[in-house]
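Here's a quick briefing to read with the model open beside you. It goes through a metal site, some ring pairs and the nonpolar cores.

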Amino acid sequence: MRSNPLLREPLAADHTKSGFLGHWGTSPGLNFVYAHLNRVIRRDAQEMLFMAGPGHGGPAVVANAWLEGTYSEIYGQVGPDEAGMAELFRQFSYPGGIPSHAAPETPGSISEGGELGYALAHACGSVFDNPQLITAAVIGDGEAETGPLAASWHSHNFLDPAADGAVLPILHLNGYKIANPTILARMPQEQLEQLLRAYGHEPYFVTVKDPDNT
Ligand SMILES: Cc1ncc(C[n+]2csc(CCOP(=O)(O)OP(=O)(O)O)c2C)c(N)n1
Ligand SMILES: [Mg+2]
């Protein structure tokens, strides 16, 4: 959107940008995880980092940082109101604006994610000598097919619970890498569970009921 962020007026062509960019598959999952981690942070005063492996989920990371107020604290011109929201939308992936991916200028970002595969490795690095920290790493199911990520399932072996923090890998099985099916999402759940157990993890499955019951 270039303007009319709250759709107070009927949507017109000049409210939108002329070119559209991005693929959004990961963003609903990132929103879901970000919101629920914030609940834990507030409930337990927990020190926590959110690591978004799929950097193309930049819209979700930026939007959540804005919704919780962090974004406006850092970027005063993008305030927590309708005008700020209009600027947030306008600047996204726009000349003179901000990148479409999680990027150095994204609040809290220490993982760019544009080159997929490093979520778990970066998450492990972030908790070394930080025993109070939990880093939650969202891993795309397409990202999980990269070599670096496939090898990273072992990385918890390098963590010492006495001196280091904890890493919580969250495998986002939305079924696709852009438009193509993913191996881990097509695998029977029991097989996936055994695979992750073999790497030394104890998997919990959070599933959403298919409204079409297909
Ligand atoms: C190493 C690497 N290979 C390929 C790409 C191109 N690419 C960007 S997003 C994407 C799909 C990733 O799938 P997933 O992590 O499941 O994200 P989703 O499609 O579900 O949003 C690919 C292949 C990339 N960014 N990095
Ligand atoms: Mg996916």
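**Quick tour of the model**

Asn-174 comes out as partly exposed, with a relative accessibility of 28%. Keep in mind that this is a predicted model. Asn-174 is also one of the protein donors of the magnesium ion (ligand 2), so let's start there.

**The magnesium site**

- Which residues hold the magnesium ion (ligand 2) as protein donors? They are Asp-141 through OD, Asn-174 through OD1 and Tyr-176 through O, lying 2.1 Å from the ion.
- Along the sequence, the donor residues follow the spacing D-x32-N-x1-Y.
- Asp-141 sits in the loop between β2 (133–140) and α6 (147–152), while Asn-174 sits in the loop between β3 (166–172) and β4 (176–177), so this pair ties together parts that are 33 residues apart in sequence.
- Asp-141 is buried, at 2% relative accessible area, whereas Asn-174 is partly exposed.

**Aromatic pairs**

- There are four aromatic pairs in the structure.
- In one of them, the ring centres of Trp-24 and Phe-92 are 6.4 Å apart and the planes meet at 40°; that angle is neither under 30 degrees nor over 60, so the pair counts as tilted.
- Trp-24 belongs to the segment before α1 (27–44) and Phe-92 to the loop between α4 (82–91) and α5 (119–127), so the pair links parts 68 residues apart in sequence.
- Trp-24 is partly exposed at 45% relative accessibility, but Phe-92 is buried at 16%.
- Tyr-71 and Tyr-75 make another tilted pair, with ring centres 4.9 Å apart and planes at 40°.
- Buried or partly exposed: what are Tyr-71 and Tyr-75? Tyr-71 is buried, with just 2% relative accessibility, and Tyr-75 is partly exposed at 24%.

**Nonpolar cores**

- The largest nonpolar core has 20 residues, and those with the most contacts inside it are Leu-30, Leu-37, Phe-50, Trp-66, Tyr-71 and Leu-88.
- At least two residues of this core come from each of α1, β1 (47–52), α2 (58–67), α4 and β2.
- Which element gives the most to this core? That's α2, with five residues.
- Leaving aside residues up to four places away in sequence, Leu-30 touches Phe-50, Ala-52, Pro-54, Gly-57, Ala-60, Val-61 and Val-138.
- There's also a second, separate core of 14 residues, including Ala-144, Leu-149, Leu-192 and Leu-196.

Technical notes. Residues numbered from 1 in each chain as written. Chains lettered and ligands numbered in written order. Predicted model: local features only at pLDDT ≥ 70, side-chain atom pairs only at ≥ 80, totals over all residues. Heavy atoms only, no water. Phe/Tyr/Trp six-rings, centres within 6.5 Å; stacked < 30°, edge-to-face > 60°. Helix = DSSP H or I, 4+ residues; strand = E, 2+ residues; numbered from the N terminus. Buried < 20%, exposed > 50% of the residue type's maximum accessible area, 1.4 Å probe, protein only. Donors = N, O, S within 2.8 Å, 3.2 Å for Na, K, Ca; no water. Core = buried A, V, L, I, M, F, W, Y, C linked by side-chain atoms within 4.5 Å. Contact = heavy atoms within 4.5 Å.
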